[in-house]
Amino acid sequence: MFDVGFTELMLVGLVALLVLGPERLPGAARTAGLWIGRLKRSFSTIKAEVEREIGADEIRRQLHNERILDLEREMKQSIMPPSSAPETKPAEPQDVAPAPEPTAPAPRPDRSPEP
């Protein structure tokens, strides 16, 4: 994230020594170390919690998908008969008289014929 080299750290240490002085510098370094440690711990705790939540969401999503797949299999099995059932032959067409052709409707006596 930050590219801090040895020379930059030496420069920060020198400026801190000049600003704070030799008597307050060890206390300031200790306090800075404590704050940095607290920040690291809180960030790692937050990161672990987020990862746990993401993992829980992923597990919930997988369970939901598995339930959907199970329901889909049940639907297919209820619609399609099992393949082990004996197959029936399709019914052969019988001699059926053709349907009569439609005729024009007769004019109604209470109205004039439509054009």
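Biologist: Let's say rings of Phe, Tyr and Trp (its six-membered ring) pair if their centres lie within 6.5 Å. By this rule, what does the count of aromatic pairs come to?

Modeller: Bear in mind that this is a predicted model. A pair of aromatic rings is described by the distance of the centres and the angle of the planes. Here the 6.5 Å limit on the centres gives a count of aromatic pairs that comes to zero.

Biologist: OK, what about a charge over a ring: which ring does the charged end of arginine 38 sit over?

Modeller: For Arg, the CZ atom has to be within 6 Å of the ring centre and within 35 degrees of the ring normal. The charged end of arginine 38 is 5.4 Å from the centre of its partner ring. That ring belongs to tryptophan 35.

Biologist: Now the fold. How many helices does the chain have?

Modeller: There are zero strands in the chain. One of the helices is α1, covering residues 6-20, and another is α2, covering residues 25-79. The helix count is two.

Biologist: What span should helix α1 have, at 1.5 Å a residue?

Modeller: Helix α1 has 15 residues, and the expected span takes 1.5 Å times one less than the number of residues. The end C-alpha atoms give a distance that agrees with the expected span, so α1 passes this check. The span it should have is 21 Å.

Biologist: And which residue follows α1 with a positive phi?

Modeller: The phi in question is near 90°. The residue that follows α1 with this phi is glycine 21.

Biologist: On to charges. How many salt bridges does a search of the whole structure find?

Modeller: Side chains of opposite charge can pair when their charged atoms come close. The cut-off here is a side-chain nitrogen of Lys or Arg within 4 Å of a carboxyl oxygen of Asp or Glu. Among those found are aspartate 70 with arginine 73, closest N and O atoms 2.8 Å apart, and lysine 76 with glutamate 72, at 3.7 Å. The search finds four.

Biologist: Which residue forms a salt bridge with arginine 61?

Modeller: The closest N and O atoms of this pair are 2.7 Å apart. The two residues are three apart in helix α2, so about one helical turn separates them. Arginine 61 is partly exposed at 46% relative accessibility. Its partner, partly exposed at 35%, is glutamate 58.

Biologist: Is aspartate 70 buried, exposed or partly exposed?

Modeller: Aspartate 70 lies in helix α2, three residues from arginine 73. Buried means under 20% relative accessible area and exposed means over 50%. At 39%, aspartate 70 falls in between, so the label is partly exposed.

Biologist: What accessible area does the nonpolar patch on the surface have?

Modeller: The patch is formed by Leu39, Phe43, Ile46, Val50 and Ile54. Of these, valine 50 has its place in helix α2 and is partly exposed at 44% relative accessible area. Together the patch residues have about 500 Å².

Biologist: Last one: what percentage of the chain's residues count as buried?

Modeller: The chain exposes about 11900 Å², with carbon and sulfur atoms supplying 63% of that area. Of its 115 residues, the part that counts as buried is 2%.

Terms used
Residues numbered from 1 in each chain as written. Predicted model: local features only at pLDDT ≥ 70, side-chain atom pairs only at ≥ 80, totals over all residues. Heavy atoms only, no water. Helix = DSSP H or I, 4+ residues; strand = E, 2+ residues; numbered from the N terminus. Buried < 20%, exposed > 50% of the residue type's maximum accessible area, 1.4 Å probe, protein only. Phe/Tyr/Trp six-rings, centres within 6.5 Å; stacked < 30°, edge-to-face > 60°. Patch = residues over 30% accessible without salt bridge, like charges linked within 9 Å, V, L, I, M, F, W, Y side chains within 5 Å. Areas by Shrake-Rupley, 256 points an atom, 1.4 Å probe, with all protein chains shown as cover.
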